[in-house]
Amino acid sequence: MLVQVFMFATIVYLMIGFQMTASKYFWFLLYMVLSYMYNTLFGMMTVALTPNIEIASGLSFLIFIFWNVFSGFIIGRELIPVWWRWVYWANPSAWTVYGLMFSQLGDRTELILVPGQPDQTVKEFLEGYLGLEDRYFNLVTCLHMVIISLFAFLFFFFLKHLNFQRR
């Protein structure tokens with residue numbers, strides 16, 4: 001998995017055109033590794049939890065759609081209705097989008113033109129419009145570790161205690 005992520009992240013990082021600094025590349029690589037890990041472990045956990053592959057596929061499909069809609073990429077955190085924001089914070093995909101966007105763009109001071117608003121820096125736009133703040137960056141990174149550990153534990157627990165085979 002690490003070789004695959006390293007190859008993918010290197011190609012994508014160069015194609016996107018992010019700043020070529022070691023620290024920003026490290027953060028990009030770290031979030032890609034964490035994303036691959038929790039998605040892989042989520043799939044393994046779902047297969048261990050359900051009695052057959054069809055149910056596991058359907059359940060994963062629905063949860064991945066839910067994660068993608070509330071990840072902060074399609075609908076920014078500040079634009080999600082208040083009663084749905086808990087879904088954003090309970091969503092590993094949102095943590096990845098948050099970490100990737102803030103690690104790559106959070107220190108940018110170039111002015112950008114946002115229609116209907118005065119000129120602002122990239123950092124001000126991230127904080128004001130998307131709600132990406134510096135104070136949550138470490139939390140988001142730690143939450144990745146927690147969800148990976150949880151998915152791994154649940155996978156092994158379900159594998160050991162749930163037996164769907166007929167005897």
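**The core and helix 1**

Let's start in the middle of this predicted model: its largest nonpolar core has 39 residues, and of these Leu 132 and Phe 151 touch the most other members. Who builds this core? At least two residues each come from helix 1, helix 2, helix 4 (85-89), helix 5, helix 6 (122-128) and helix 7 (137-161). Helix 2 is the top contributor, giving 12 residues to the core. That fits a familiar pattern: in soluble globular proteins, nonpolar side chains tend to be buried together.

Zoom in on Phe 151 and look at what surrounds it. Leaving out residues up to four places away in sequence, Phe 151 touches Tyr 38, Leu 41, Phe 42, Met 45 and Trp 67.

Now head over to helix 1, where Val 5, Ala 9 and Tyr 13 are buried. These three cover an arc of only 50° around the axis, so they sit on the same side of helix 1. What do the buried residues of helix 1 pack against? Their partners are helix 2 (22-49) and helix 5 (92-105). Flip to the face turned away from that buried side and you'll find Val 3, Met 7, Ile 11, Leu 14 and Met 15, which are exposed.

A quick sanity check on the geometry: helix 1 runs over residues 2-16, and at 1.5 Å a residue its 15 residues should span 21 Å. The end C-alpha atoms are 20 Å apart, which agrees with that expectation. Right after helix 1 comes Gly 17, with a positive phi near 90°.

Methods: Residues numbered from 1 in each chain as written. Predicted model: local features only at pLDDT ≥ 70, side-chain atom pairs only at ≥ 80, totals over all residues. Heavy atoms only, no water. Helix = DSSP H or I, 4+ residues; strand = E, 2+ residues; numbered from the N terminus. Expected span 1.5 Å × (residues − 1). Buried < 20%, exposed > 50% of the residue type's maximum accessible area, 1.4 Å probe, protein only. Arc of directions from axis to C-beta. Contact = heavy atoms within 4.5 Å. Core = buried A, V, L, I, M, F, W, Y, C linked by side-chain atoms within 4.5 Å.
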